[in-house]
Amino acid sequence: MNGPLPSIRSRLGGALLLWSLLGSTAIAVAVTLAARHEVDELLDETLGSAAVALAALLPAVTDAPAVAPPPLAAVGAPADGPGFAWQLVADDGRLLLRSAAAPDRPWRATPQAGFAVVGTWRVLGVTLGAPDPAGGGASAGAGRTLYVAQTLVERSEARAEVTLAALLGTFAVALLGLLALRGAVRSELEPLQTWSARLATSEPENAASLAPPTRAELVPMHRALSALTLRLEQRVARERAWSAHAAHALRTPLAGIDAQLAVAGREAPPELRPRLERARAAAARLRSVVDALIGLFRSEGELQRGRHELAALVQRLPVAGLEVEVDPDDSDGTIEADADLLSAALANLLDNATRHGARRVRLRRLGPHRLRIDDDGPGVDPARREAMQRALDEQELDAPHEQARTGLGLMLADRVARAHGGRVVLPVVTAGFAVDLQLAPERADAI
């Protein structure tokens with residue numbers, strides 16, 4: 001698969017961001033329209049209240065021409081506010097009184113009551129002299145029309161302030177909601193990360209070692225993994241039992257073959273004895289492979305770790321025709337490992353060295369859990385060494401023999417190393433061939 005996989009967190013975060021923007025924009029538009037309507041109504045009510053207050057304060061006037069501005073302070077009339085003005089007009093359309101901010105001509109040529117937009121003003125006309133609800137008579141200033149007005153610019157500024165406040169509040173709430181939702185998504189996805197980390201440390205052949213789910217949505221996945229692990233456990237157990245039985249079954253005939261070859265070697269004519277010795281050597285190599293397989297099957301349980309003298313282990317190995325030297329400058333000379341598994345791995349590596357033309361092998365420790373085996377054989381070219389290392393790293397266990405990039409001996413040694421938590425490394429050397437047998441995780445080997 002090319003490219004990174006899509007992230008659930010990123011996709012959910014993007015969807016939340018998109019829908020938060022769309023939702024907040026829709027809410028902001030609705031709030032803005034509602035706020036503008038409410039502001040207009042509120043300002044119109046303010047004009048109405050101002051008209052009532054002015055009607056009560058304005059004195060009765062004659063039909064004489066108006067003087068602008070009249071001295072209303074003496075009668076307690078309110079002064080002009082920002083963008084606010086008023087006019088008092090006679091029933092024949094003459095301007096009787098006006099505020100300083102009002103134009104010097106009546107807003108309406110014919111006196112009319114009610115709201116209207118005149119030029120740059122929002123104007124409310126109120127007819128004075130309507131019957132007094134309390135006394136039934138006409139009020140002071142009967143026959144006159146009072147105009148109270150506000151500039152459209154002032155009204156636009158008021159609407160803009162309310163709209164801006166509504167938008168800021170809406171987007172602030174949307175932003176806080178988005179952050180809260182992203183935090184909730186991150187918190188709800190965290191169990192997936194935790195469960196994955198715990199699964200990485202669980203035993204692949206033990207269904208009981210699976211970490212329990214912490215969310216209801218993970219229960220089906222846990223059941224499926226448990227069923228898969230159980231099937232894997234059963235299959236591995238069957239294969240391990242069959243392989244162990246087969247390996248043990250091979251030991252008896254191999255021992256019989258070796259005994260018969262030994263007897264035949266003593267009784268055979270001199271010219272046939274070299275062939276019989278080669279047959280015994282081949283049987284010994286096969287026996288070492290079988291021993292390694294049996295040790296690996298046993299190692300699926302707990303390793304029998306211990307500190308062992310390297311020289312003593314080597315003395316137990318079949319190394320006919322090969323000079324094996326343990327580093328004499330090593331004052332410690334011990335290695336920490338499972339003795340049986342290490343012996344099986346060394347037996348296969350020494351057999352490899354013999355079959356590839358080596359006559360001398362040197363063993364030296366590189367640490368408490370690391371061992372290097374150098375031989376004086378012809379070695380391999382760099383490309384072949386890199387291919388063999390890749391085969392070990394990729395655990396190429398199922399490749400056909402003609403396609404395999406490394407032999408059974410190296411693979412068995414690598415399996416032994418991995419049973420200890422380490423691996424086999426093929427270092428670059430100037431002559432011969434070398435194998436680093438790491439018998440512990442790298443961090444433990446570095447201590």
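## Exercises on a predicted model

Arg198 lies in helix α2, which covers residues 152-200. The structure used in these exercises is a predicted model.

**Exercise 1.** Decide whether Arg198 is buried, partly exposed or exposed, and state how far its C-alpha atom is from that of Pro212.

Solution.
- Step 1: The relative accessible area of Arg198 is 42%.
- Step 2: Buried requires a value under 20% and exposed a value over 50%, so Arg198 is partly exposed.
- Step 3: Pro212 is 14 residues from Arg198 along the chain, and their C-alpha atoms are separated by 9.4 Å.

**Exercise 2.** Place Ala85 in the secondary structure, classify its exposure and list its contacts beyond four places in sequence.

Solution.
- Step 1: Strand β1, residues 84-89, contains Ala85.
- Step 2: The relative accessibility of Ala85 is 0%, so this residue counts as buried.
- Step 3: With neighbours within four places in sequence set aside, the residues in contact with Ala85 are Ser99, Ala101, Ala102, Trp107, Trp121, Tyr147, Val148 and Ala149.
- Step 4: For Ser99, the separation from Ala85 is 14 residues in sequence and 5.7 Å between C-alpha atoms.

**Exercise 3.** Find the helix that holds Gly23, classify the exposure of Gly23, and compare its separation from Ala174 in sequence and in space.

Solution.
- Step 1: Gly23 belongs to helix α1, residues 8-57.
- Step 2: Its relative accessible area is 29%, so Gly23 is partly exposed.
- Step 3: Gly23 and Ala174 are 151 residues apart in sequence, while their C-alpha atoms are 8.2 Å apart in space.

**Exercise 4.** Describe how helix α6 is placed against helix α8 and which residues make the contact.

Solution.
- Step 1: Two packed helices are described by the distance between their axes and the angle between those axes.
- Step 2: The axes of α6 (residues 339-355) and α8 come within 8 Å and cross at roughly 155°.
- Step 3: An angle over 145 degrees counts as roughly antiparallel, so α6 is roughly antiparallel to α8.
- Step 4: The crossing of α6 past α8 is left-handed.
- Step 5: On the α6 side the contact is made by Leu341, Leu342, Ala345, Asn348, Leu349 and Asn352; on the α8 side, by Gly409, Leu410, Leu412, Ala413, Val416 and Ala419.
- Step 6: Sorted by class, the contact of α6 with α8 has nine nonpolar, three polar and no charged residues.

**Exercise 5.** Do the corresponding analysis for helices α7 and α8.

Solution.
- Step 1: Helix α7 spans residues 382-393 and helix α8 spans residues 408-419; their axes come within 10 Å and cross at roughly 45°.
- Step 2: The two helices are therefore oblique to each other.
- Step 3: α7 passes α8 in a right-handed crossing.
- Step 4: Met388, Ala391, Leu392 and Asp393 of α7 meet Leu410, Met411, Asp414 and Arg418 of α8.
- Step 5: In the contact of α7 with α8 there are five nonpolar, no polar and three charged residues.

**Exercise 6.** Summarise the chain: its secondary structure, burial, contacts and exposed surface.

Solution.
- Step 1: The chain has nine helices and twelve strands.
- Step 2: It has 447 residues, of which 36% count as buried.
- Step 3: Take the contacts between residues at least 6 apart in sequence; 61% of them join residues at least 24 apart.
- Step 4: The chain exposes about 25800 Å², and carbon and sulfur atoms supply 59% of that area.

Terms used
Residues numbered from 1 in each chain as written. Predicted model: local features only at pLDDT ≥ 70, side-chain atom pairs only at ≥ 80, totals over all residues. Heavy atoms only, no water. Axes fitted to C-alpha atoms, helices over the stretch in contact; angles between N-to-C directions. Helix = DSSP H or I, 4+ residues; strand = E, 2+ residues; numbered from the N terminus. Parallel < 35°, antiparallel > 145°, perpendicular 65-115°, else oblique. Left-handed = near helix turned anticlockwise from the far one by under 90°. Contact = heavy atoms within 4.5 Å. Nonpolar A, V, L, I, M, F, W, Y, C, P; charged D, E, K, R; others polar. Buried < 20%, exposed > 50% of the residue type's maximum accessible area, 1.4 Å probe, protein only. Areas by Shrake-Rupley, 256 points an atom, 1.4 Å probe, with all protein chains shown as cover.
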